[in-house]
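Biologist: Before we begin, may I see the sequence and the structure? I should then like to put some questions about them.

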Amino acid sequence: MNLPGQMMYTPLLLSSVLQQAARHFDSVEIVSRRVEGDIHRYTYRDCHARAMQLANALTSRGIAAGDRIGTLAWNGYRHMELYYGVAGIGAVCHTINPRLFPEQITYIINHARDRLICFDASFAPLVEQIAPQCPHVEAWIMLCDEKDLPDAFPLPIESYETFISGHAQQISWPQFDEQQAAVLCYTSGTTGNPKGVLYSHRALTMMAYASVAPDAFCLSATDTVAPVVPMFHVNAWGLPFSAPLVGARLVLPGPRLDGESLWTLFEQEGVTVSAGVPTIWLGLVDYMRRVGKHSDRFGRAIVGGAACPPHLARSMRELGIKAVHAWGMTELSPLGTVCAPSNSYRDKSVEERACIDAKQGRAIAGVDLKVVGTDGAELPWDGNSAGNLMARGHWVLSHYYGTDQTALENGWFATGDVATIDAEGYMQITDRSKDVIKSGGEWISSIELENIAMSHPEVEMAACIAAEHPKWDERPLLIAVRRPGSALTASQLLAFYDGKVARWCIPDDVVFVAELRLTATGKLQKLALRQRFGKHFVEPHASKA
Ligand code: AMP
């Protein structure tokens, strides 16, 4: 006979996370650098009060459970209020990535059928451009005071402060099924249209609980956390939920994400932990080196979204910052793995530790991983067998928004990444499956070749792509950006690979370019590079830089 446990049950709702912070960490600050450039400060108590005020304003405007409210906003306190105020009443906070192409943004807003869009002043020109193509949007709300609305704007807009003003800063948060949607985020759609991923309250709350653990983000009330990773994509890696959960002070950096602006803010506010894509840390390291800074307080930077090159982790360590490698994706809310030491770490040599630190890490509690071969059979955890990475767990997507077709294969989500897993469970990404270089039937990891190139002191950035080859099908071609003042040649850079990888893995050639563009989510634009340089070995003249 079943015997039910006799513990209290309350659904895992995001409103309870902020409510807890407002009660138990009421005077802990949320500091925001605003679009206007100034610093705004208030507490978790204030944030909760204004999220309740927003919830009341939304309800009085007829917004109900399940309705989508779009945001086009930087990391800031009003965005935080939207996360909680919208989700708190059962509506869905749809975070939109403003770095996507305007046509993609229009597609996303229409596909989601957003009823309201709340946007930062810096996105006013974008709103002006897309609004005529978004007929379902009932109101465009600028995240500002009434006095800061532009004098002349081609469409009716409201100010956020007026929208919420006059409403009570008190609500009894509705209790509903924890499986209801809280946040919607679209993939960046490098091939085809972006796809919607609808996060439930349960998934985001559970991920927040798991992510604060010591071998995950290791967050506590003594931390000051600055998510540089944007709130407009994949929930800023869940930090707007995990920081209040433990009562960590939160610093939201707004739009200025260059090395100098971040360093100044981090120093001023005593930031201890931050999170961002590798290019953010490259910018910070460059600035710190240029002006001779060393970090005392800012001790940990979580690096994800793209592989953290070992040379970057080394440079950060020299400046007093530990790079903590993490992997995830939109479909995983996004946290999958974090690289933390295992029990045997302390017995390992410096070189062995560096090899471990370069990996993307072990699955955090609540996520399960495996790698499979082309026949779908699981590959051994030997650190060498590379296969398609599959994931399952409490915050892994099951269906894309708007479809009732499962996105799973036998209960697992195919991530599209190619990886190895070693005997201790450390996962290492070798490629996106579409970026793998298949040379004469063997697979070559583009990430490994890029990491080696970027460890050359005269290389600023590098991408390795598969270029068509008459004999081997594909061969690696390196596209590199030299550091200013460098006259590095292709043969010098190729010689740098000697002894670092098997001879047949060394790229066949190097093309130097002035810059390498990144996608809207901070990844190398490999598709564009393949289109431009993919015929380098068969039509060499077609691919001149
Ligand atoms: P997104 O859905 O935009 O967050 O992108 C997810 C993809 O980014 C993953 O499937 C990986 O291909 C890549 N990615 C994320 N984190 C890492 C990492 N630490 N190392 C290598 N690739 C990563």
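Modeller: Please note that this is a predicted model. We may start with the contacts of the ligand.

Biologist: How far is a nitrogen atom of the ligand from a polar backbone atom of A307?

Modeller: A polar contact requires a pair of N or O atoms within 3.5 Å. The backbone of A307 supplies a polar atom for a nitrogen atom of the ligand, and the distance between them is 3.2 Å.

Biologist: How much of the accessible area of the ligand does the protein cover?

Modeller: On its own, the ligand has 500 Å² of accessible area. The part of this area that the protein covers is 91%.

Biologist: Which side chain places an N or O atom 2.8 Å from an oxygen atom of the ligand?

Modeller: The side chain of H325 has a polar atom 3.1 Å from a nitrogen atom of the ligand. The contact with an oxygen atom of the ligand, at 2.8 Å, belongs to another residue, namely R432.

Biologist: Which strand gives the most residues to the shell around the ligand?

Modeller: The shell holds five nonpolar, eight polar and three charged residues. Four residues of the shell come from a strand that spans residues 322-328, and this largest contributor is β14.

Biologist: Are helices α1 and α2 parallel, perpendicular or oblique to each other?

Modeller: Helix α1 covers residues 14-24 and helix α2 covers residues 44-60; their axes come within 8 Å and cross at roughly 135 degrees. Because of this angle, α1 stands to α2 as oblique.

Biologist: Is the crossing of α1 and α2 left-handed or right-handed?

Modeller: Two packed helices are described by the angle and the distance between their axes. For α1 and α2, the handedness of the crossing can be added: it is left-handed.

Key:
Residues are numbered from 1 along each chain as its sequence is written. This is a predicted model: local features need pLDDT of at least 70, side-chain atom pairs count only at pLDDT 80 or more; totals for chains, interfaces and linings use all residues. Side-chain values use heavy atoms; hydrogens and water are left out. A polar contact is a pair of N or O atoms within 3.5 Å; within protein, one must be able to donate a hydrogen and the other to accept it, and residues adjacent in sequence count only if both atoms are side-chain atoms. Accessible areas come from the Shrake-Rupley method with a 1.4 Å probe; for residues, only the protein chains shown count as cover. Helices (H or I, at least four residues) and strands (E, at least two) are DSSP runs, numbered from the N terminus. Ala, Val, Leu, Ile, Met, Phe, Trp, Tyr, Cys and Pro count as nonpolar, Asp, Glu, Lys and Arg as charged, and the others, Gly among them, as polar. Axes are lines fitted to C-alpha atoms, for helices over the stretch in contact, and angles run from 0 to 180 degrees between N-to-C directions. Angles under 35 degrees count as roughly parallel, over 145 as roughly antiparallel, 65 to 115 as roughly perpendicular and the rest as oblique. A crossing is left-handed if the near helix is turned anticlockwise from the far one by less than a right angle, and right-handed if clockwise.
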